[in-house]
Each structure stands twice: as structure tokens, then as C-alpha cells.
Amino acid sequence: MDSRNGSVSEAPLDAEIESFFDSAPPLKDRAGIIKKLKEFIEYNSTPPGKGSPRRVVCVTSGGTTVPLEQRCVRYIDNFSSGHRGATSTEYFIKAGYAVIFLYRRGTFQPYCQSLPEDPLLECFECSDDSTIQVRQPHTEAVKRAVSDHHAAIAGGHLLKLSFTTIFEYLQILQSIAMSMKDLGSLAVFYLAAAVSDFYVPWKSMAEHKIQSASGPLDMRLVQVPKMLSALKKEWAPMAFCISFKLETDSKILLEKAEMALKKYRMHMVVANELSTRKEEVTVVTGNEKILVCRDKTQADSDVEEPLIELIVGRHSAYVKDSDL
Ligand code: PMT
């Protein structure tokens with residue numbers, strides 16, 4: 001038994017994590033991903049001129065899928081539009097952080113909030129001389145999105161990596177965490193992605209499309225090991241870690257967030273309820289529960305603005321304490 005939480009012993013958990021990675025399909029372009037991470041982290045740790053090293057945050061965003069077939073036709077999905085992760089990324093960059101944005105393909109992207117749903121088709125038109133131009137009334141929004149996005153990428157402060165399946169997500173998260181290990185307390189994990197709790201192990205998965213003629217489907221899903229403990233214990237032990245807790249029943253939300261804080265030794269857990277998640281969240285720490293609300297006097301305000309402000313303050317105090 002683990003004396004800290006009274007439930008899970010450490011050895012079997014590590015074995016579960018090892019077996020998850022051993023049985024996962026190999027990550028495409030792992031070497032390329034690791035190279036990009038190394039360059040991004042090096043660049044932000046030793047900026048040109050006399051600048052001090054930037055803090056680096058890994059923001060995870062969107063939901064993971066669980067494939068049911070190796071040549072996947074069907075999959076189980078997790079709800080998350082990616083709005084929280086994308087918007088938080090903008091505020092972290094504004095606060096001077098370098099961001100590794102690990103996102104689900106097809107979900108919300110930073111700096112695109114004020115664009116229509118299908119920006120390419122709705123914002124642009126072909127003029128008579130076959131050049132492409134921005135249509136009114138989208139000109140200002142497109143200009144702002146393009147210039148802010150360009151500034152973040154060209155300045156070397158935003159690295160985007162994408163995933164779809166739970167296998168890709170966890171393998172990339174591990175690579176990111178191990179690349180960030182040497183940043184010590186300057187590293188932050190902001191884990192807003194909705195991660196699958198159950199999966200079909202690759203080796204026991206059907207190769208081809210499951211046939212409906214075979215009758216009702218009987219399938220065994222096994223538990224995805226919680227990676228938060230591996231992250232804290234081995235991958236990046238000095239990093240400042242923020243996890244999320246989403247519930248639809250407000251009566252159990254704070255209790256579950258407190259449990260997660262203690263069990264995985266997170267620095268903060270952001271508790272949110274599905275229906276009010278864009279209005280308010282409660283940040284649970286070792287001795288506080290802080291309600292964070294968006295500024296309701298401003299129509300286009302985000303709850304992420306005060307949330308990131310709070311996190312940056314707490315992270316600064318953590319960095320200072322770690323230096324003593
Ligand atoms: O994207 P939006 O539409 O804007 O919505 C944002 C959000 C509601 C998705 C976001 O604010 C949020 O709450 N994300 C976490 C949702 C969730 O499903 O939590 P969970 O209970 O599955 O996981 C809790 C924590 O454990 C997460 O930080 C997750 O990264 C981590 N986890 C989960 C499963 C697993 N096997 N390993 C993990 O480490």
C-alpha cells in the first residue's frame with residue numbers, strides 16, 4: 001500500500017505504465033518530435049542577447065481517442081473543444097512564457113477565437129485578378145489572428161504538436177516531460193486535455209473493421225494508467241504541475257479535485273463543471289479553494305485571463321522558493 005494515499009502501491013503502477021508504452025504502436029516521427037523539442041527548449045533557455053531564460057509551459061488541449069480497430073474506422077472519443085487550452089496558451093505567451101501546445105488535431109487553435117468556424121471559406125474571397133483577399137467584416141479579426149500567431153511562432157515562443165489517439169498523446173507527453181526535466185522549477189505542466197480512462201490494448205485490438213454481421217459487440221477495455229504520477233515522480237519531478245478535474249455533478253467536483261491534488265501531488269487542480277466551465281473555475285491548492293470568474297462586465301472576457309494570472313503568481317513563488 002502507498003502510505004500517502006492509502007490505495008495504489010507504487011510498483012504495480014510503474015509496471016502498468018511500462019506495459020502501456022511497450023504495447024503502444026510506435027509513434028510516427030518520434031525522432032523529429034524530440035529534435036523540435038530540444039531546439040525549442042534550448043532556444044528559450046538561452047535566448048539571444050542578455051535576455052533571461054523563459055519559463056516553459058506544456059499546455060495539453062482537446063480529447064484523446066481510443067481506437068477500436070488497428071486500421072481504425074471506429075473509435076471512442078473524449079469531450080473537449082480545445083477552447084480552454086488554446087485560450088490559455090495566448091495568456092501564457094502574453095505573460096512571457098514559451099508554450100508547447102500539445103493539441104488534438106481539428107480542435108481550437110490559439111489566436112483563432114474571434115474568427116468564424118470555417119475561417120478559410122468564410123473570411124477569404126477570390127478577386128477578379130485571382131488574388132485572395134479578406135472579406136469584410138473579418139479584416140480586423142484576421143489581421144490580429146495572423147499577426148499574433150506569426151509573432152508567437154517567429155519569436156520562437158510557440159511550438160505546436162498534435163495528437164489524435166491516447167497512444168500518441170501519452171507518448172508525446174512523455175517526450176515533452178523528459179525534454180523539460182532539466183528546466184527544473186521553470187517548467188510548468190497545464191494538463192487541460194480530456195484523457196481517456198479506458199483503452200483497448202493494441203495487441204488485442206482487431207486489425208480490420210469489426211463486422212456488424214457478427215452480432216452484438218463484446219469488447220474488454222482496460223484502464224489507462226494515470227500518467228500524472230509518472231510525470232511527478234520520474235519524468236519532470238521539479239516541474240510546477242496543474243491538472244484539471246471535470247465533473248457534471250457539482251456536489252462531487254471539489255471533493256474529487258482535492259483527492260487528485262493529494263493523490264498525484266499536484267501543485268494546483270483546476271476544478272470545472274461542464275455547463276459553467278467558460279464562466280468560472282475553482283482552483284484547489286493545498287490549503288485554499290479559490291473561485292476564479294470571468295469579468296462579466298466585458299462581453300468578450302475569458303475566465304482564462306484571471307486564471308493564468310493566478311497561476312503565474314503561484315509559479316513565480318514556487319520558482320523563488322526552489323532557488324533558496
Ligand atoms: O476544451 P474545452 O471544451 O474548453 O473544455 C475544457 C475542459 C472541460 C476539457 C478542461 O477544462 C478539463 O477539465 N480538462 C480535464 C478533463 C478530464 O477529463 O479530466 P479527467 O478526470 O479525465 O482527468 C483528470 C486529470 O488526470 C487530467 O489533468 C488528465 O490530464 C489526467 N489524466 C487522466 C487520465 C489518465 N489516464 N492520465 C492522466 O494523467
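**Figure 1. Strand β11 in the shell around the ligand of the predicted model.** β11 supplies the largest share of this shell, with 4 residues. The elements giving two or more residues to the shell are α3, residues 83-94, and β11, residues 240-247. Sorted by class, the shell holds 12 nonpolar, 7 polar and 5 charged residues.

**Figure 2. Residues that come nearest to the ligand, and polar contacts with it.** There are 24 residues around the ligand, and those that come nearest are S80, S81, G82, K245 and N272. From S81, a polar side-chain atom lies 2.7 Å from an oxygen atom of the ligand. L191 takes part through its backbone, where a polar atom is 2.9 Å from a ligand oxygen atom. The contact at M227 involves a nitrogen atom of the ligand, which lies 3.4 Å from a backbone N or O atom of that residue. Taken alone, the ligand exposes 790 Å², of which the protein buries 95%.

**Figure 3. The open sheet of 8 strands.** The strand order is β7-β4-β1-β8-β11-β12-β13-β14, and the pairing is mixed. The edges are formed by β7, residues 158-163, and β14, residues 289-293; each has a single partner strand, so one side of each is left without a neighbour in the sheet. From one strand to the next, the twist averages 20 degrees.

**Figure 4. Pairing of β12 with β13, and helix α8 across the sheet strands.** Strands β12, residues 268-273, and β13, residues 280-284, pair in the antiparallel sense over 3 bridges. In this view V270 stands opposite V283 of β13. Helix α8, residues 250-263, lies across β11, β12, β13 and β14. The helix runs at about 165 degrees to β12.

**Figure 5. The cis peptide bond between Q136 and P137.** The bond joining Q136 to P137 is cis, with omega about 5 degrees. P137 is placed in the loop between β6, residues 132-134, and α5, residues 139-154.

**Figure 6. Backbone of S130, a residue other than glycine with a positive phi.** The phi value of S130 is near 65 degrees. S130 is located in the loop that runs between β5, residues 124-126, and β6.

Definitions and conventions: Residues numbered from 1 in each chain as written. Predicted model: local features only at pLDDT ≥ 70, side-chain atom pairs only at ≥ 80, totals over all residues. Heavy atoms only, no water. Near = heavy atom within 4 Å. Polar contact = N/O pair within 3.5 Å; in protein donor to acceptor, adjacent residues only side chain to side chain. Areas by Shrake-Rupley, 256 points an atom, 1.4 Å probe, with all protein chains shown as cover. Nonpolar A, V, L, I, M, F, W, Y, C, P; charged D, E, K, R; others polar. Pairing = 2+ DSSP bridges. Axes fitted to C-alpha atoms, helices over the stretch in contact; angles between N-to-C directions. Contact = heavy atoms within 4.5 Å.
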